[in-house]
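Reader: I'm new to this one and a bit lost. Could you pick a single part, look at it closely with me, and then show me what goes on around it?

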Amino acid sequence: MTAELETAEGREKLRKVAIDPVSRVEGHGRVTLLIDDDDQVREARLHIVEFRGFEVFIQGRPYWEVPVMVQRLCGICPVSHHLAASKALDRVVGAVPPSHTATQLRRLMHYGQILQSHALHFFHLSSPDMLFGFEAEVGKRNIVGVAEAYPDVARQGVLLRKFGQEVIRATAGKRIHGTGAVPGGMNRHLSMVDRDALRADADQMVAWSQAAVELVKRLHRADPDLYDVFGVFRSGLASLVRCDGAMDLYDGVLRFRDGDGRIIRDQVPDQDYHQVLQEDVKSWSYMKFPYLIERGPELGWYKVGPLARVQNCDFIPSPLAEAERREFIDHGKGDVVHAPLAYHWARMIEMLHAAEVIRDLLDDPACTGGELMAQGSRGHEGVGIIEAPRGTLIHHYQVGDDDLVTMCNLIVSTTHNNQAMNTAVREVAKRYLSGRKLTEGLLNHIEVAIRAFDPCLSCATHALGQMPLVVELTGADGEVIDRVVRD
Amino acid sequence: MNAPRPKVRIATTSLAGCFGCHMSFLDIDEHLFELVELVEFDRSPLTDIKHCGPCDIGLIEGGVCNAENVHVLREFRRNCKTLIAVGACAINGGLPAQRNHLDLEACLREVYVSRDGLGEGGVPNDPELPLLLDKVRPIHELVRIDYFIPGCPPSGEAIWKFLTDLIAGRTPRLSYPMMHFD
Ligand code: SF4
C-alpha cells in the first residue's frame with residue numbers, strides 16, 4: 001500500500017510539481033507531488049479545488065424545485081441528480097412506489113444517460129491515451145486526434161453519445177437540464193414520433209456498443225502487462241444491486257464487498273445508508289472521504305462505478321452484456337479485477353447493457369401511455385439512491401410542513417471514489433515516476449489513472465470552502481469591486 | 001488554387017460552471033467533424049494543453065467564484081481576440097450565485113463540522129485550495145466580453161450557428177427560437 005505517500009515528513013524541504021488542471025476529466029482538480037533531492041516521490045495528492053454551495057442553498061427552497069435545481073451540479077450526468085432527487089422526494093409526496101409508467105420512463109431516461117456518459121468518457125476523453133499511448137504528443141492526445149487517425153471509432157462514439165442524449169431529450173424535453181421527472185412521477189409520456197425514431201436506431205447502437213467492448217478487450221489483450229498492472233491496488237467494492245442480485249442502475253439495495261470479493265454487507269435499504277456510511281474530511285481537499293462505518297476509515301473505503309458494479313452484481317439482466325460480464329469475470333481467474341484500466345472495459349459492458357435496456361424499453365407500451373403520477377400520504381423525509389454513470393449517488397432531504405427543504409445531504413459518486421483515486425495516483429507515482437526526470441508524458445500517467453475512474457470533480461465539490469487570505473478583485477476598468485479578508 | 005485557410009484557434013474553459021455548456025457544445029454531434037476542419041483547439045477540458053496561448057476565439061463557461069477562476073479568466077482575455085460568455089453562469093453567475101446571500105463561515109461549519117454522518121470533521125484549509133470570493137461574479141465584471149450566448153445551457157444548435165457565423169466573418173445572429181434562457 002502507498003498510504004505513506006499521503007503526507008510526507010519535512011514537507012517544506014521538498015520540491016513541488018503540480019498537474020494543474022487535471023485535463024480530459026470533468027471538473028476542477030489538481031495533483032501535487034512532493035519530490036526529494038533523489039527525485040523520489042514522497043507525497044502525492046489529488047486535490048479537489050472547487051467549491052459549490054448546493055447542499056446549503058437548497059435548504060430553504062420549495063421541494064418541487066429541487067429536481068430541476070440539482071441538475072446544475074453536473075452537466076455530464078444531470079439526469080442522475082434529477083432522478084435521485086425525484087426518487088427521494090417521491091417519499092415526501094407519498095408516491096411510494098411511483099406508477100409503473102413513471103418508473104419505466106425514468107429508467108429509459110437514466111439508461112440514456114448511462115449510454116451517453118459512458119460514450120463520452122470512453123471516446124471523447126479517455127480513448128486518446130489508449131489508442132495513441134500515454135506519452136503521445138500533447139497536440140494529438142484528444143478527440144480531434146482520434147477523429148483523424150480512427151475516423152470510424154470517433155464517429156461511432158459521437159453517434160452513440162448523440163443517441164443517449166436524444167433518449168434524454170425525448171423523456172426530459174431537453175438534452176441537458178430537462179424537466180421530465182417530478183416528485184411523484186413524470187410529467188410526460190414518450191411520444192410515438194420519438195419512440196419510432198429512437199427504435200429505428202436502437203439495434204445499431206447495440207451493435208456499436210458491442211464493437212466498443214471488443215475494442216477495449218483488444219487493447220487489454222495486446223498489453224496485459226500494462227492493463228492489468230497499471231495503478232493497481234486492492235479495495236472494497238460498493239453499488240446498488242436489485243434484490244435478487246441483478247445489476248440495476250436505477251434502483252435497488254446497497255451491497256458492499258471486501259477487496260477479496262466477499263460480501264460483507266448486503267440488502268441495505270436505501271433509506272438506511274447513513275447507518276452504514278460515514279465521511280471524513282481532510283484539510284487539503286474539498287471532497288470528503290466516505291467509508292463503511294463497521295470497517296473504519298482505514299479499511300472501510302471502496303471503489304464505486306463500472307468496475308465495482310460489474311463485479312458486485314450476480315448477473316446482468318440482458319443477454320449480450322451478461323455474456324461479456326462472464327468473460328470479464330473469467331479474466332480475473334477467480335480473483336477480483338482491481339486494475340484501474342479495467343474500468344474502461346467494465347464501462348463498455350455497461351454501455352452495451354444500457355443499449356439493450358433502452359431497446360427493450362422502447363418496445364414497452366408503458367412508456368407511451370398509462371398513469372404518470374402517484375399519490376399517498378405526505379412524509380417529511382426521503383433518500384434517493386441511484387447508480388449514476390460514475391457510481392452510487394445519494395440524495396437525502398428533509399422537508400417541513402411549509403414544503404421548504406430543511407436539510408439536504410448529497411454524497412456524489414466521485415466522492416465515494418476519493419480514496420481510491422488518491423491511492424491510484426500514489427501507486428502510479430511510486431511505480432512510474434519515482435526516481436525519474438519528470439516529463440509531460442510521465443505526468444500524464446497520473447492523469448490516465450485518474451481518468452479511469454471517470455471522475456466528475458465538478459459535482460463532487462458541492463461544499464463551501466474557506467478563504468484564508470486577502471483577495472482583491474478588480475474589474476475590467478481597474479476599479480476594486482470586491483475585497484475579502486479572512487484568517 | 002486557393003491556399004488552405006489557416007485554422008481558427010479556439011480555447012474553452014469552465015470556471016464556476018457545471019460543464020453543461022461544454023456538453024452542449026458537444027451536442028453539435030456530427031458537426032464536430034466539420035468543425036475540426038475549420039478550427040483547432042488550444043486549452044480546453046478536451047485537450048491536455050494546460051495554459052491558453054494566442055487564440056482567435058475563447059469560450060467561457062461559468063462565473064467567477066475563486067482566485068483561480070480570476071487568473072484563468074484573465075489568461076483567456078489576454079490571449080483571445082474574441083471572448084464569449086457561454087450560458088447563464090458566465091453571464092450572471094447562474095445557480096452557483098445562489099450562495100451569494102449566505103455567510104461562508106456558517107456554511108463551511110455546517111457542511112464540514114456540524115453535519116450528521118461525519119467521522120473526522122474540520123474545515124479544509126490548505127495552500128493548494130484556491131482562495132474563495134465571498135460572492136460568485138459574472139465574468140463581464142472582471143474583463144471585457146465580446147459576446148454573450150444565453151441559456152442554461154445554450155443549445156448545441158445555437159452554439160453551432162454562432163461559431164459558424166463568427167468563423168465565416170459574419171456578425172453572429174441567433175434566431176428567436178434559438179434564444180432561450182432555461
Ligand atoms: S449555464 Fe447552466 S449548463 Fe452552463 S455551466 Fe451554468 S449551470 Fe451548467
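Author: Sure, let's start with chain B, which reads β-α-α-β-β-β-α-β-α-α-β-β-α along the sequence. Keep in mind that this is a predicted model. Counted up, the secondary structure of chain B comes to six helices and seven strands. Its C-alpha trace spans about 70 × 35 × 30 Å along the principal axes.

Now zoom in on the sheet. Five strands of chain B make an open sheet in the order 2-1-3-5-7, and the pairing is parallel. Strand 2 (39-41) and strand 7 (147-149) of chain B sit at the edges with a single partner strand each, so each has one side without a neighbour in the sheet. From one strand to the next, the twist averages 25°. For a closer look at one pair, take strand 1 (residues 8-14) and strand 3 (residues 55-61) of chain B, which pair in the parallel sense over five bridges. If you'd like a spot to click on, Thr13(B) has Ile60(B) in strand 3 of chain B as its bridge partner. There's a helix to find here too: helix 2 (residues 31-38) of chain B lies across strand 1 and strand 2 of chain B, and runs at about 90° to strand 2 of chain B.

So where does the ligand lie? You'll find the ligand between chains A and B. It is surrounded by 13 residues, and the closest are Arg72(A), Cys18(B), Cys21(B), Cys89(B) and Cys152(B). The elements giving two or more residues to this shell are helix 1 (20-26) and helix 4 (88-92) of chain B. By class, the shell around the ligand has six nonpolar, five polar and two charged residues.

Arg72(A), one of the closest residues to the ligand, takes us over to chain A. A good thing to look for there is helix 4 (residues 100-132) of chain A. Mind the numbering: this is helix 4 of chain A, not the helix 4 of chain B that we met in the ligand shell. Let's go through some of its partners.

Take helix 6 (residues 151-172) of chain A: helix 4 of chain A packs against it at an angle of about 155°, with the axes 8 Å apart. Angles over 145 degrees count as roughly antiparallel, and therefore helix 4 and helix 6 of chain A are roughly antiparallel to each other. Their crossing is left-handed. On the helix 4 side of chain A, the residues that meet helix 6 include Leu105(A), Leu108(A), Met109(A) and Phe123(A), while those on the helix 6 side include Val153(A), Leu160(A), Phe163(A) and Ile168(A). Sorted by class, this contact has 14 nonpolar, eight polar and one charged residue.

Next comes helix 13 (residues 342-362) of chain A, which packs with helix 4 of chain A at about 150°, the axes being 9 Å apart. Helix 4 of chain A passes helix 13 of chain A in a left-handed crossing. This contact has 16 nonpolar, seven polar and three charged residues.

Then there's helix 16 (residues 440-452) of chain A, where the packing angle with helix 4 of chain A is about 150° and the axes are 10 Å apart. Helix 4 and helix 16 of chain A are therefore roughly antiparallel as well, and this crossing is left-handed. His121(A), Leu125(A), Ser126(A) and Asp129(A) of helix 4 meet Asn444(A), Val448(A), Arg451(A) and Ala452(A) of helix 16. Those contact residues divide into three nonpolar, three polar and two charged.

Chain A has a sheet worth finding too, made of three strands in the order 12-13-14; it is open, and the pairing is antiparallel. Its edge strands are strand 12 (381-388) and strand 14 (405-411) of chain A, each pairing on one side only. The twist averages 15° from strand to strand. Strand 12 and strand 13 (residues 391-399) of chain A pair over eight bridges in the antiparallel sense, and Gly382(A) stands opposite Tyr397(A) in strand 13 of chain A. Finally, helix 3 (residues 78-93) of chain A lies across strand 12 and strand 13 of chain A, at about 150° to strand 12 of chain A.

Technical notes:
Residues are numbered from 1 along each chain as its sequence is written. Chains are lettered from A and ligands numbered from 1 in the order in which they are written. This is a predicted model: local features need pLDDT of at least 70, side-chain atom pairs count only at pLDDT 80 or more; totals for chains, interfaces and linings use all residues. Side-chain values use heavy atoms; hydrogens and water are left out. Two strands pair if DSSP finds at least two bridges between them. Helices (H or I, at least four residues) and strands (E, at least two) are DSSP runs, numbered from the N terminus. Axes are lines fitted to C-alpha atoms, for helices over the stretch in contact, and angles run from 0 to 180 degrees between N-to-C directions. Contact means heavy atoms within 4.5 Å. Angles under 35 degrees count as roughly parallel, over 145 as roughly antiparallel, 65 to 115 as roughly perpendicular and the rest as oblique. A crossing is left-handed if the near helix is turned anticlockwise from the far one by less than a right angle, and right-handed if clockwise. Ala, Val, Leu, Ile, Met, Phe, Trp, Tyr, Cys and Pro count as nonpolar, Asp, Glu, Lys and Arg as charged, and the others, Gly among them, as polar. A residue is near a molecule or strand if one of its heavy atoms lies within 4 Å of it.
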